[in-house]
Amino acid sequence: MSETSGNSGLRILVVEDDPALQVMLRYNLEKQGYRVEVAGDSEAAQAAFSSFRPALVLLDWMLPGGVSGLDLCRRFRATPGGHELPIIMLTARAEETDAIRGLETGADDYLTKPVSMATLEARIRALLRRTQTPAETLAFEDIVLDLVKHRVERGGRSVQLGPTEFRLLEFFMRRPGRVFSREEILRSIWGENIHVEIRTVDVHIRRLRKEINGPDEKDLIRTVRSAGYALDSEDE
């Protein structure tokens with residue numbers, strides 16, 4: 001997959017029941033560097049919304065099962081933090097009154113099918129620019145990293161990290177689920193022209209694990225044999 005700088009790790013939930021359009025949207029968005037989850041009906045969409053924690057939602061108006069995209073939009077907006085989530089409605093309805101209705105329900109933008117990927121990608125970038133700022137807070141599972149105050153919390157408790165471990169955690173939290181080799185981590189954290197032994201990565205990973213993992217807490221840093229490390233809630 002070819003990633004576009006700045007998009008890596010940003011999650012988009014696509015709620016669309018047309019299999020061909022699902023494939024097209026996933027392919028083009030992943031090519032831009034986004035992480036994509038697809039749901040074909042309202043039940044799957046609500047489950048994915050809770051577990052996937054998207055940065056943006058593409059939401060089809062007409063869905064099977066009796067729950068429309070408008071209904072889902074209202075439900076998403078009613079969740080904690082949902083009022084800040086960018087939502088783009090995708091629909092075959094082209095009348096102005098439908099667009100107004102979609103926007104009044106809580107959608108941030110509205111595109112009619114067939115969808116122009118160039119237009120859609122531009123709208124996505126514009127919406128994400130409004131919500132993604134340099135002074136941000138990153139979150140994964142129960143870990144919260146505050147880049148402004150340089151603080152980390154897990155499950156509400158304060159976590160004390162050294163500068164290198166803080167940079168490591170930020171690096172992983174910006175790209176959750178992706179496996180990085182030790183060489184990639186070295187280049188990203190220590191730089192291209194600094195000589196650091198490869199085992200240094202393992203040392204700092206152990207330190208990071210020791211600080212962020214309490215006695216009864218799951219280890220969210222996954223070691224992938226012969227590949228590297230990832231921040232991931234799933235077991236290998």
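Two strands count as paired if DSSP finds at least two bridges between them. The exercises below concern a predicted model.

**Exercise 1.** Determine how many bridges join strand β1 to strand β2, and which residue of β2 stands opposite Leu-13.

*Solution.* Begin by locating the two strands, since β1 covers residues 11–15 and β2 covers residues 35–39. Between them there are five bridges, and the two strands run parallel. Within this pairing, the residue of β2 that stands opposite Leu-13 is Glu-37. Finally, follow the chain from β1 to β2: the path goes through helix α1, residues 19–31, and forms a β-α-β crossover that is right-handed.

**Exercise 2.** Describe how helix α6 and helix α7 pack, and name the residues that meet.

*Solution.* Two packed helices are described by the angle between their axes and by the distance between those axes. For α6 (residues 163–173) and α7 (residues 182–190), the angle is about 120° and the axes lie 10 Å apart. The crossing in which α6 passes α7 is right-handed. On the side of α6, the residues in contact are Thr-164, Arg-167, Leu-168, Phe-171 and Phe-172, and these meet Ile-185, Ser-188, Ile-189 and Trp-190 of α7. Sorted by class, this contact comprises six nonpolar residues, two polar residues and one charged residue.

**Exercise 3.** Decide whether α6 is mostly covered or mostly open, and find what its buried residues pack against.

*Solution.* The cut-off needed here is that a residue is buried when its relative accessible area is under 20%. Eight of the eleven residues of α6 are buried, and the helix is mostly covered. Among them are Glu-165, Phe-166, Leu-169 and Met-173. The buried residues of α6 pack against several elements, including the strands β6, β7, β8 and β11, and also against the helices α7 and α8.

**Exercise 4.** Compare the surroundings of Arg-53 and Glu-141, beginning with the backbone angle phi of each.

*Solution.* For Arg-53, phi is near 50°, which is a positive value in a residue other than glycine, and for Glu-141 phi is likewise near 50°. Arg-53 belongs to the loop between α2 and β3, whereas Glu-141 belongs to the loop between β6 and β7. Arg-53 has a relative accessibility of 46% and therefore counts as partly exposed. Glu-141, with a relative accessible area of 36%, is also partly exposed.

**Exercise 5.** Find which two residues are joined by a cis peptide bond, and where Pro-114 is found.

*Solution.* The cis bond joins Lys-113 and Pro-114, with omega about 0°. Pro-114 is found in the loop between β5 and α5.

How values were computed:
Residues numbered from 1 in each chain as written. Predicted model: local features only at pLDDT ≥ 70, side-chain atom pairs only at ≥ 80, totals over all residues. Heavy atoms only, no water. Axes fitted to C-alpha atoms, helices over the stretch in contact; angles between N-to-C directions. Helix = DSSP H or I, 4+ residues; strand = E, 2+ residues; numbered from the N terminus. Left-handed = near helix turned anticlockwise from the far one by under 90°. Contact = heavy atoms within 4.5 Å. Nonpolar A, V, L, I, M, F, W, Y, C, P; charged D, E, K, R; others polar. Right-handed = clockwise from strand over helix to strand, strands pointing away. Buried < 20%, exposed > 50% of the residue type's maximum accessible area, 1.4 Å probe, protein only.
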